[in-house]
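Got the viewer open and a selection box ready? Let's take a walk through this one, stop by stop.

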Amino acid sequence: RVPAKGVSATKGVAELIEKAEEDGVKTAWHRLLEQQPQCAFGQLGLCCRNCAMGPCRIDPFGSGPTKGVCGASADTIVARNLLRMIAAGAAAHSDHARDVVEVFKGVAEGRFQYYRLTDVEKLKSLAEALGISTEDKDEQEIARELAEVLEWEFGKPGDEPLRMLALAPKKRIKVWEKAGLIPRAIDREICECMHRTHIGVDADPVSLLLHGIRTSIADGWSGSMMATYLSDILFGTPKPIKAEANLGVLKEDYVNIIVHGHNPILSTKIVEVAMSEEMQELAKKYGARGVNVAGMCCTGNEVLMRLGVPIAGNFLMQELAVITGAVEAIIVDYQCIMPAIVDVAQCYHTKIITTEPKAHIPGAIHIEFNAEKADEIAKEIVRIAIENYPNRPRDRVHIPKHKIEVIAGFSVEAILEALGGTLEPLINALREGTIKGIVGIVGCNNPKIRHNHSHVTLAKELIKRDVLVVGTGCWSIAAAMDGLMSPKAVDLAGPGLRKVCETLNIPPCLHMGSCVDCSRILIVLGALADALGLDISDLPVAGSAPEWMSEKAVSIGTYFVASGVFTHLGVVPPVMGSQKVAKILTEDVEDIVGGKFYVEPDPVKAAETIYNVIIEKRKKLGWPL
Ligand code: NFS
């Protein structure tokens with residue numbers, strides 16, 4: 001049994017874990033218990049299965065083998081494994097971006113009638129930033145030219161830098177140039193990760209890790225950045241919007257549909273179609289009062305930020321949503337979708353519907369989505385959910401009561417607007433010390449640590465020290481469910497931050513979007529640095545992924561570091577098998593890029609250290625402490 005009361009800081013989670021046990025259902029927490037003890041070689045990063053002479057393991061205590069069959073040392077193996085994690089993470093973000101580019105291109109060419117260019121201003125500003133003239137051109141024409149440039153980001157030949165790097169601050173580019181870290185093409189860097197880590201190629205941990213940094217820059221400043229920009233252009237740039245968070249957003253007498261995954265191309269359509277008169281009426285025919293759509297994980301963030309769709313939970317809550325017994329369908333695209341939801345769904349009536357050619361789950365219903373027929377397909381999917389309503393096992397339904405108000409939608413543009421159109425008020429507040437610094441908290445959940453506890457504790461510890469917290473992903477959902485994104489949360493902020501929040505009418509924790517929207521944080525940092533004539537590494541800022549688990553989070557953490565940010569990880573990464581690699585990541589890398597990793601599982605201690613780093617940076621700038 002899982003000690004339900006202790007596993008989560010979020011209301012409603014414990015009661016559903018207890019329900020799972022009563023219903024004979026296993027969750028990630030149960031499966032984690034079954035996995036104990038987990039392999040120590042794997043945890044240390046000391047296991048190599050990159051060729052068939054292995055698998056090889058290095059003895060961390062030095063009494064067994066110190067080299068793999070090919071002669072690879074612990075340092076080589078650990079660095080190679082980390083590089084592959086970065087490659088996978090960058091691939092996930094960037095392949096998502098590629099899908100958005102394809103739809104964007106289709107819209108530009110007039111092929112996709114169900115999507116349109118919503119934020120034309122953003123379209124023009126991105127085009128201009130990339131050197132595409134917009135004069136005397138209509139929006140379709142600009143979009144076509146932009147699509148072509150962005151398509152080439154993935155596989156362009158030659159050694160020219162990525163075009164999207166035009167959005168990075170000049171001072172950063174200099175740092176990267178000096179260290180030979182400028183990425184050339186997204187797919188190329190990812191491909192090179194795989195090449196370098198093949199048997200008998202790169203054995204030097206330094207050169208392996210530097211290429212990891214280069215690959216992560218391609219993710220943050222191009223792949224993820226593109227996904228954010230184009231999603232804004234297609235669906236609108238988020239503005240502050242009120243909604244609700246936590247499983248209590250599910251409704252007893254409505255057809256409940258959850259959109260889960262990452263890409264707004266699918267989820268936005270599902271929301272639009274489900275909310276249509278036609279579908280609401282259809283739901284009534286099946287005995288429900290209507291259709292209710294809620295989000296989960298990062299695509300939940302996408303539709304929360306733009307449409308105010310309530311968010312039901314973050315990564316570790318996907319199975320719990322099914323366990324409520326009140327969800328007719330979970331509609332997924334890709335990433336962070338546990339295959340387990342299909343197993344759990346077998347004990348209830350929930351239909352799991354996969355939609356992506358590259359993400360099938362055995363036992364799910366697969367209905368392939370395509371942008372050309374978006375509305376027809378979305379209707380077919382929503383209909384399946386509605387028709388499933390009469391199958392709800394009424395005697396086994398339990399929706400926790402908890403839900404809470406959240407203000408989301410803080411895109412860079414929205415933040416600027418709250419500030420009155422310029423960064424000046426924020427810069428002044430930072431300079432004077434009303435706000436001591438800014439920390440971006442991002443990333444997943446991990447059942448190895450108490451669900452959402454580190455997310456909310458770190459945030460609370462920071463805002464009480466007058467540090468403005470912004471963030472994305474599962475962190476932002478955790479913060480929302482804890483009330484940290486409601487105006488009332490100013491009560492938890494220090495006096496300076498409180499004053500700023502009250503003047504600007506913003507919460508002390510700002511929801512900036514999904515995981516690809518970590519790129520929004522980069523834009524804010526770059527703009528702050530430029531406005532002050534500094535480099536990002538000089539700013540009193542930091543990053544954190546307190547409960548990370550995915551390879552995407554490794555890529556994000558690395559591009560934060562690459563961008564000059566002191567970056568905290570709350571879960572120990574699998575690198576401790578090599579002192580050398582651990583030292584490079586937590587010390588030496590700072591001399592090259594100005595940022596470094598810092599690992600601390602305790603969120604209170606982490607907050608202290610992060611705060612001290614911010615104070616150190618303020619000292620160097622001569623700003624009041
Ligand atoms: Ni990002 Fe982690 Fe997944 Fe989103 Fe949540 S688990 S790395 S936060 S949903 S991508």
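Start with the lining of the largest cavity: by class it has 15 nonpolar residues, no polar ones and no charged ones. This is a predicted model, so keep that in mind at each stop. To get there, select Ile 415, Leu 419, Leu 426, Leu 468 and Leu 510, which lie nearest the centre of the largest cavity among its 15 lining residues. The volume enclosed is about 130 Å³. Now colour helix H16 (412–418), strand E12 (467–471) and helix H20 (495–504), since each of these supplies at least two residues of that lining. If you want to hunt for others, the count comes to six cavities of 30 Å³ or more.

Next, the open space. Which residues should you click to land by the centre of the largest pocket? The largest pocket holds about 1,000 Å³ of space. Of its 33 lining residues, the closest to the centre are Gly 42, Met 85, Lys 448, Met 549 and Pro 574. The elements giving two or more residues to this lining are helix H2 (28–34), helix H3 (40–44) and helix H4 (74–108). Colour the pocket lining by class and you get a mix: 18 nonpolar, 10 polar and five charged residues.

While H2 and H3 are on screen, pick Pro 37, in the loop between them. Look at the bond leading into it: the peptide from Gln 36 to Pro 37 is cis, with omega near -10 degrees. Then hop along to Pro 55, in the loop between strand E1 (47–48) and strand E2 (56–57). Here a cis peptide bond joins Gly 54 and Pro 55, with omega about 5 degrees. These stops deserve a click because most peptide bonds are trans, just as most residues other than glycine have a negative phi.

That brings us to a couple of backbone oddities on the phi side. Select Asn 452, in the loop between strand E11 (437–441) and helix H18 (453–464). Asn 452 is not a glycine, yet its phi is positive, near 65 degrees. Is Asn 452 buried or exposed? Switch on the surface and look: Asn 452 is buried, with a relative accessible area of 0%. Now go to Asp 466, in the loop between H18 and E12. Asp 466 also has a positive phi, about 65 degrees, without being a glycine. With a relative accessible area of 10%, Asp 466 counts as buried, because the cut-off for buried is under 20%.

On to the metal. Select the ligand's nickel atom and show what surrounds it. How many donors does the protein give to this nickel? A single one: the SG of Cys 515, 2.2 Å away. Count the donor atoms around the nickel and you find four, and the angles they subtend run from 99 to 126 degrees, so the arrangement is tetrahedral. Trace the backbone out from Cys 515 and you are in the loop between strand E13 (509–511) and helix H21 (518–532).

Last leg: charged pairs. Side chains of opposite charge can pair when their charged atoms come close. This model has 43 salt bridges, so here is a short selection.

- Select Glu 34 and Lys 26: they form a salt bridge, with the closest N and O atoms 2.8 Å apart. Lys 26 is partly exposed, at 44% relative accessibility.
- Select Lys 379 and Glu 278, whose side chains meet in a salt bridge of 3.4 Å, N to O. Lys 379 sits in helix H15 (residues 374–387) and Glu 278 in helix H11 (residues 277–285), so this pair ties together parts that are 101 residues apart in sequence. Lys 379 is partly exposed at 30% relative accessibility, and Glu 278 is partly exposed too, at 41%.
- Stay on H11 and select Glu 281 and Lys 284, which make a salt bridge of 3.5 Å, N to O. Both lie in this helix, three residues apart, about one turn. Glu 281 is partly exposed at 38%, as is Lys 284 at 43%.

To finish, select Lys 122, Asp 232, Glu 302, Arg 306, Glu 413, Asp 517 and Arg 520 together: salt bridges that share partners join them into one network.

Note on methods: Residues numbered from 1 in each chain as written. Predicted model: local features only at pLDDT ≥ 70, side-chain atom pairs only at ≥ 80, totals over all residues. Heavy atoms only, no water. Salt bridge = Lys/Arg side-chain N within 4 Å of Asp/Glu carboxyl O. Buried < 20%, exposed > 50% of the residue type's maximum accessible area, 1.4 Å probe, protein only. Helix = DSSP H or I, 4+ residues; strand = E, 2+ residues; numbered from the N terminus. Donors = N, O, S within 2.8 Å, 3.2 Å for Na, K, Ca; no water. Tetrahedral: all angles 85-135°; square planar, octahedral: opposite > 155°, others 65-115°. 1 Å grid on protein atoms, 1.4 Å probe; cavity = no way out; pocket = protein on both sides within 12 Å on 5 of 7 lines; lining within 4 Å. Points joined across faces, edges and corners; volume = space filled by probe spheres on them. Nonpolar A, V, L, I, M, F, W, Y, C, P; charged D, E, K, R; others polar.
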